[in-house]
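User: Please take a close look at how the chains of this model meet one another. I would like one connected account of the contacts and the enclosed space.

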Amino acid sequence: MKKAFLTTILCVIAGAFLMVPNQAIAKDPVKIGVIVPLSGIVAQGGEEMKMGIQMAAEEKGTLLGRPIELIVEDTQVKPPVAVSKAEKLVFKDGCKALIGVFSSGVGLAIAKNIDRLNVPFLTTHVMTTKFYGLNPLVFRSGQLANDQTAVGNVKGILATPDLKDRTYYVLVHDYAWGHDAGQRFVDLAKKNGIKIANEDFDKAPIKTKDWSSYISKIKASGADGVYIALITNVIPVFAKQAYDFGIQKYARIVSGAAPGPVELEAGGEACVGIFGASDWCWDVDNPISDKWESDFWKKFKTIPSDAACHSYVGAMNLFNGIEKAGSTDPQEIADALRGISFNGPYGEVRISAKDNCMRNSAVLTETKLAPPNPYDAKIYMKVLHTFPAEELGPPAKWN
Amino acid sequence: MSFTAIAVDIILNSLVLGGVLLIVAIGLNIIYGLSRVMNLAHGSLYALGAYAGFTLVASGLNYFAALLVAPLLIAVVGLIIERVIIVPVRKRSIVYTLILTYGLMFFLDGLIKYFWGNEPRFIELPQFMRQTLPIAGTHYPVFRLVTLLTTAVAMIGLMLFLGKTKLGIILRAASSIPEMVSCMGINMTFVHAGAFALGCVLAGIAGVISGPLYTIDPIMGHEMLISSFVVIVIGGLGSLRGAVLAAFLIGLVQTLAEFFVTDLAMVIVYMMMALILAFMPRGLLGEGRFE
Amino acid sequence: MSEMVTKRRSTHPMKIVALLIVVTCLTLFPFVVTNRFYISLVNEMLIYGLLAMSLDVLLGYTGLLSFMHNAYLGLGAYVVGLFLIHVAPSSLWLALLAGVVVTSVIALPVGWVQVRTGGLAFALLTLAFGMMFYTIVWKWYSLTGGDDGLMGVPHPDIQVLGITLGSSGNPTTMYLLSLCIVFICFLLTWRIIHSPFGAVLEAIRENEERASFVGINVRRYKLYGWMYACMLAGVSGGLFILYRGYIGPTTMSAFAGAGVLMMVLVGGMGSLWGPIVGAGIFIFMQDYISTMTEHWELFVGLVVIMLVLFLPRGFIGLGDYLTRFRKE
């Protein structure tokens, strides 16, 4: 009996260790390290980012005449894990560039180690303003930065009669991005005469499941608008609980980040009526965007999300940069990336040569019940306004 | 908003939070009290209950029917777990059961992720529960009140089961003097299995009611596990009355702290736990015990 | 008690030879395998090995279970990091010393409260205090950087007696520094554990009541054991921040803490070297399995369950198990 048990366990362990992914190397591919969260609170976003990057890689096919090999690693949204995964990708697998990253904390932790890693690092979903001119090897392409979304949101509020004369209660997630987004919104709002109910805004722990206390606070404050800067996956959770308490009946929710479409579906009708600035949603109407959406849907059978789109655009920028550099030398790729532009689903985007960060336009969206659409989506983000890149900043220092 | 309206909001919020905490914690407490197993996978069983509820409701079952079926499914899962992997280590030091159930927690989380994916899920409620009810100047969601009611029913059911049925009396006796019970010719195997199943039923109930309350995701059990630890420690390990008191106390403290001093809510709760453990190791009511 | 001391095995010469061989291999490792990834990986194994060993002093020798020993690694790391950022960016040894001292100062009152209890209550108290430190670090945004972690920690030069040996930013130099410190700590702990003091700790583990009957102040010795374990954890924290250049609150979370506990169990408690091997196996396994599959939790969970069920004494028990297997 014992023998049998022991044999089984040894087999299981041996099996686990021997199942080495059989990487038959054909024509010495260009390896790109993809760092996304696949477990933890933002796993869904990470999944979508992975899809966007895969799509770009397939569209591109080859780089410098060699096949592209994506090696995906899970950050678990933990900065130390992400750094060791980055080391693994670069030193062990020989990746020539790193792309991806959800969460500013993870992005900054890798950026801190980038000189040691010595590869170009392009983030597609990091919003902190600390990324401007951080390091010659560190780039942002894809998601808008905090200062840009704050401008977009405030402009959007001023341009929408239903939002203009409201008093806003500010509630953010307790980490770098949340603090930054909340502070920028409060400052800009005050400058533009938008009323704020709590200037010393609430910072909710990321793990918050029960928002009822915060909702009671919102009710007690008498505000008829709510500004939230919450991790995208949590937006429907908050919206649903707010809806249960009847907040949406009299107040409007403006969100610092656009919610993901898959989460919106889960949230259902509670998620109707959330305003937010983003760079893309599938309502954006131009031929490139429409084609991209349908390709994405055909390939993954998932509603195309902004996370996927950012990552696609970021990956295309990176691949074009490597082609332009004509080699996989880190400095040459970095030089090629500075000033590169790409005409993608959300129009022409350009990585500034001054600060390594992207410039692009933004849209103000409102979530509504969706018209009939190919993706069977019940909720969608309707585009209300479009703001050109020049209007959004970043601060003069970098222009 | 008037003062009473705010007060009503806070009180109801803390009762709902306390209620869910109570059901999870009391399940953990029963398993510990009867079989001396500190089940770190309890949070994951709670998550599994929520997912079971979600799938049942999504496949067309009535919410209340799901509330009855899902816990039974979790009990079956719990029984399998208990028979297959907990029994072999029961005789060993508590460190081993801790590590074992820690591994089990990872395993169950992985399983949930494998079958249901990462995206958050919500349990659809019947129409009448999606309204708000005006109480003392505030509007309170009906389903939260239903949740409170469910908690109360579950707790009364548990009290009656433990107090009035023969099986319940055996369980209670086994929790205080296991040797005596086994001397009386009662098979302790059934007692241990029964305790585990009962704990799992409670985890399942909590899972289904917190589905519409919060959100369902693969890691929803982690936070709940830590919170239930706090509850059973403050109430006294193995003490059921203590757990009731502690759960509502924590619910109130956490709600008040979140309302007035956002930043320190959890520090206060952990501080309470440390002080009580150090100076009142038997819990608030002095009924708990340590082996 | 004197009987217990004389009964202890004397250090066998073979053991010393084996130790020397292992240390030599580890020293030569970065020169043979020049891949920085593997150097970093083994460096991490050494640092966590030190932490796991310090937990073993508590768990394997004193019989006290700490759920969140990583909290003290975290405290040590934050203190060293803050010292390097704000006080003196170039004094490595002073920073490490500050890390150990502050960690001990924090651990003292915590330990004083904790040793009043034992068994499961002790374990749950470590959880309560650990979560408290975690929450404080996470919330004290202005000092610790909150959820984003501590950034911009400088890499000071490693100097001994005025001679600069290299920068702590260089992976190989840092690796050798870690190896050196872990080795010294190991020898020191070995010596302490095999002294009358260690025997007292083991007596407490075996039977607290009887230990107190022969006149041992159980609480005081528990506190000594606790303080020593926390000091070592502080040292590992200092090494951690020097090697990683970054520390965030997730390193101090309850789930990371249970991971450290697993290292001790995987390696086998009560042997000092077992947990170091356990840390190696655990870190390798986590890295390897999470690279292979998205569903790494499933496999890590399965391996842990299997280990507890079939290899309860951990890696060090494997030898006995195989001997018995042959007999069967």
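Analyst:
**Chain interfaces and an enclosed cavity**

A salt bridge joins the side chains of A:Lys299 and A:Glu58, at 2.9 Å from N to O. This pair ties together distant parts of the chain, since A:Lys299 lies in helix α12 (residues 287-300) of chain A and A:Glu58 in helix α2 of chain A, 241 residues apart. The model is a predicted one, and a search over all its chains gives 25 salt bridges. Side chains of opposite charge can pair when their charged atoms come close.

The interface of chain A and chain B can be taken next. Here 33 residues of chain A are in contact with 31 residues of chain B. The two chains bury about 2,800 Å² between them, with carbon and sulfur atoms giving 55% of that area. On the side of chain A, the residues that lose the most area to chain B are A:Lys209, A:Asp244 and A:Phe245, which together account for 21% of what that side buries.

Two salt bridges are found across the interface of chain A and chain B. In a salt bridge between these chains, the side chain of B:Arg144 meets that of A:Asp210 at 3.4 Å, N to O. Residue pairs in polar contact between chain A and chain B, with both partners at pLDDT 80 or more, number eleven. Several elements of chain A each supply at least two residues of the side that touches chain B: α2 (43-60), β9 (202-204), α9 (212-221), α10 (235-244) and α11 (261-267). The largest share of this side, seven residues, comes from α9(A). By class, the side of chain A that touches chain B divides into ten nonpolar, ten polar and 13 charged residues.

The interface of chain B and chain C follows. Contact is made by 39 residues of chain B with 38 residues of chain C. The area buried between chain B and chain C is about 3,700 Å², and carbon and sulfur atoms give 84% of it. Within chain B, the residues losing the most area to chain C are B:Tyr96, B:Ile99 and B:Tyr102, together 16% of what that side buries.

Between chain B and chain C the count of salt bridges is zero. The count of residue pairs in polar contact, both at pLDDT 80 or more, is also zero for chain B and chain C. On the side of chain B that touches chain C, α4 (94-116), α9 (220-235) and α11 (265-279) each supply at least two residues. Of these helices, α4(B) provides the largest share, 16 residues. That side of chain B consists of 33 nonpolar, three polar and three charged residues.

Enclosed space completes the account. The structure holds twelve cavities of 30 Å³ or more, and the second largest has a volume of about 440 Å³. Its lining comprises 26 residues, among which A:Lys207, A:Lys209, B:Glu223, B:Gln254 and B:Met266 lie nearest the centre of the cavity. A:Lys209 is thus named twice, as a residue of this lining and as one of those in chain A that lose the most area to chain B.

In chain B, α1 (3-35), α9, α10 (240-260) and α11 each supply at least two residues of the lining of the second largest cavity, as does α6 (119-139) of chain C. The most comes from α6(C), with five residues. The lining of this cavity has 14 nonpolar, five polar and seven charged residues.

How values were computed. Residues are numbered from 1 along each chain as its sequence is written. Chains are lettered from A and ligands numbered from 1 in the order in which they are written. This is a predicted model: local features need pLDDT of at least 70, side-chain atom pairs count only at pLDDT 80 or more; totals for chains, interfaces and linings use all residues. Side-chain values use heavy atoms; hydrogens and water are left out. Contact means heavy atoms within 4.5 Å. Buried area is the accessible area (1.4 Å probe) that two parts lose on being put together, summed over both. A salt bridge is a side-chain nitrogen of Lys or Arg within 4 Å of a carboxyl oxygen of Asp or Glu. A polar contact is a pair of N or O atoms within 3.5 Å; within protein, one must be able to donate a hydrogen and the other to accept it, and residues adjacent in sequence count only if both atoms are side-chain atoms. Helices (H or I, at least four residues) and strands (E, at least two) are DSSP runs, numbered from the N terminus. Ala, Val, Leu, Ile, Met, Phe, Trp, Tyr, Cys and Pro count as nonpolar, Asp, Glu, Lys and Arg as charged, and the others, Gly among them, as polar. On a 1 Å grid over the protein atoms alone, a cavity is a set of points where a 1.4 Å probe fits but cannot get out, and a pocket is an open set with protein on both sides within 12 Å along at least five of seven lines; lining residues have an atom within 4 Å of a point. Grid points are joined across faces, edges and corners, and a volume is the space filled by probe spheres set on the points.
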